Amino acid sequence: MDGQQGRQRPESGKNLIKIPSYQEVFGTTSSSSSAPTSYNPPLPATAAAAAASSSSSSSFSEAFSFLKSSEFYSPPPAPPQLSMQCRPPVAGSSTAASQSKNAILVSNRQKGNPLLKHIRNARWTFADIVPDYVIGQSSCALYISLRYHLLHPDYLYYRIRELQKNFKVRVILCHIDIEDVVKPLHEVTRTSLLHDCTLLCGWSLEECGRYLETIKVFENKPADSIREHTDNDYLSRFTHALTSIRRVNKTDVITLGSSFGSLSRIMDASMEELARCPGIGERKVKRLYDTFHEPFKRVTPRPNLVVPDTPDREKANGTPDAAEKPDASKNKKGSDVKSALMAAFAKYSEKIRNQGHDAANDAGECTSISTMEGDKTKQLD
């Protein structure tokens, strides 16, 4: 057994890996020479390759160690230290920004407004903004109730002045919460029109909330949804043109098209020819004929107004000014005075003539009375 163990010991030494000491790697020749000799069994191929790589690394560091003391060497920069102020962008910040764009921004002064409870079909968030609501990139809204307007008449004017020209579409959302609305609503309307604002009136908080939701939902949508859709074929345009005339329906359009064949023939037709079409009565015939034969521009009779000539108009017409024609003004004044004197003399002469007639009548009466008295005296004698 002892002989077998002695034979197995050198075989077990083949699996030993020698780990070099610090002095052997970085020590001087004297230290390496004074180091005690140790048993170095033969190493396998893998251990020999690892030892060769460690020796090559140590020789590389020793070969280029002089570069640290040269003028071309600079120490590497220190690793950056992350502080609390400079943080990398978080994924949630971009999502929050995108959500704010898709939401109605509500001013902090609107906290406690019961209108916010009725905004259900659109997101909204509080923000530090000038208007009450930002409902788009270039649109905003100011909220006011008529009851509050009666208490603070100048509130709306100052709020509109704070907006300046930062928004293209400015909406005044007016909540009508009083019974007598004529005078306050007139004031709100006048203020809105003078400052180029759009006035929307709501008779309940639900209606006001629906206005804000609708404007936000249709913010980026085109106007095609509210436009009338007409096809480009001839029959659709023909039908659209004739049905725009009052009392003419699609059945009449089919009758006229089959009878005349084209729009130009219908326009040139007389009232008798139009009346021959079945289903078209007297009123429709008159409507059609008047539509195609009346002028597009209606001429309304205007009263003849005499506009006095101004100095500018006289200059434009080439007529001399009043200072340049003193003779004409003097002649005009003279004619006026002459006519006035003639009228006065005529009245005076008529008055004298009447007085003469009265005197003659009185004299004739006196003579007749005297003759009658003479006749009576003669008869008595």
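**Exercise 1. Decide whether Ile280 is buried or exposed, and locate its surroundings.**

Ile280 has a relative accessibility of 8%, and because buried means under 20%, Ile280 counts as buried. The model is a predicted one, and the steps below should be read in that light. As a next step, place the residue along the chain: Ile280 lies in the loop between helix 13 (271-275) and helix 14 (282-293). Then look at what surrounds Ile280, leaving aside its neighbours within four places in sequence: the contacts are Asp252, Leu256, Leu274, Ala275 and Val285. Finally, Val248 is 32 residues apart from Ile280 in sequence, while the C-alpha to C-alpha separation in space is 8.7 Å.

**Exercise 2. Work out which residues of helix 7 are buried and what they pack against.**

Begin with the burial: Leu156, Arg159, Ile160 and Leu163 are the buried residues in helix 7. They cover an arc of only 100 degrees around the axis, and therefore they sit on the same side of helix 7. The buried residues of this helix pack against strand 4, strand 5 and helix 8.

Next, relate this to the largest nonpolar core, which has 19 residues; among the members that touch the most others are Leu156 and Ile160 of helix 7, together with Leu146, Ile172, Cys174, Ile176 and Val188. At least two residues of this core come from each of strand 4 (139-145), helix 7 (155-163), strand 5 (169-175) and helix 8 (182-194). A second core, separate from this one, has 15 residues, including Leu116, Tyr133, Ala141 and Leu205.

Ile172 can serve as a check, since its contacts beyond four places in sequence include Leu156, Ile160 and Val188, as well as Leu142 and Ile144.

**Exercise 3. Find the salt-bridge partner of Arg159, and describe the setting of the pair.**

Arg159 forms a salt bridge with Glu162, and the closest N and O atoms are 3.4 Å apart. Both residues lie in helix 7, three residues apart, about one turn of the helix. Their accessibility can then be compared with the cut-offs: Arg159 is buried at 3%, whereas Glu162 is partly exposed at 39%. To complete the picture, Asp132 joins Arg159 and Glu162 in a network of salt bridges.

**Exercise 4. Explain why the salt bridge of Asp177 and Arg147 ties together parts that are apart in sequence.**

The closest N and O atoms of Asp177 and Arg147 are 3.7 Å apart. Asp177 lies in the loop between strand 5 and helix 8, and Arg147 lies in helix 6 (residues 146-151), so the pair ties together parts that are 30 residues apart in sequence. Both ends are partly exposed, with Asp177 at 24% relative accessibility and Arg147 at 48%.

For a pair within one helix, turn to Lys286 and Asp290, whose side chains meet in a salt bridge at 3.0 Å, N to O; these two residues lie in helix 14, four residues apart, about one turn of the helix.

**Exercise 5. State which sign of phi Gln164 and Asp196 have, and where each residue lies.**

Most residues other than glycine have a negative phi. Gln164, although not a glycine, has a positive phi of about 60 degrees, and Asp196, likewise not a glycine, has a positive phi of about 55 degrees. Gln164 comes just after helix 7, in the loop between helix 7 and strand 5, while Asp196 is in the loop between helix 8 and strand 6 (198-202). As a last step, consider accessibility: Gln164 is exposed at 53%, and Asp196 is exposed at 66%.

How values were computed: Residues are numbered from 1 along each chain as its sequence is written. This is a predicted model: local features need pLDDT of at least 70, side-chain atom pairs count only at pLDDT 80 or more; totals for chains, interfaces and linings use all residues. Side-chain values use heavy atoms; hydrogens and water are left out. A nonpolar core is a set of buried Ala, Val, Leu, Ile, Met, Phe, Trp, Tyr and Cys residues joined through side-chain atoms within 4.5 Å. Buried means under 20% relative accessible area, exposed over 50%, partly exposed in between (1.4 Å probe, protein chains only). Contact means heavy atoms within 4.5 Å. The arc is that of the directions from the helix axis to the C-beta atoms. A salt bridge is a side-chain nitrogen of Lys or Arg within 4 Å of a carboxyl oxygen of Asp or Glu.
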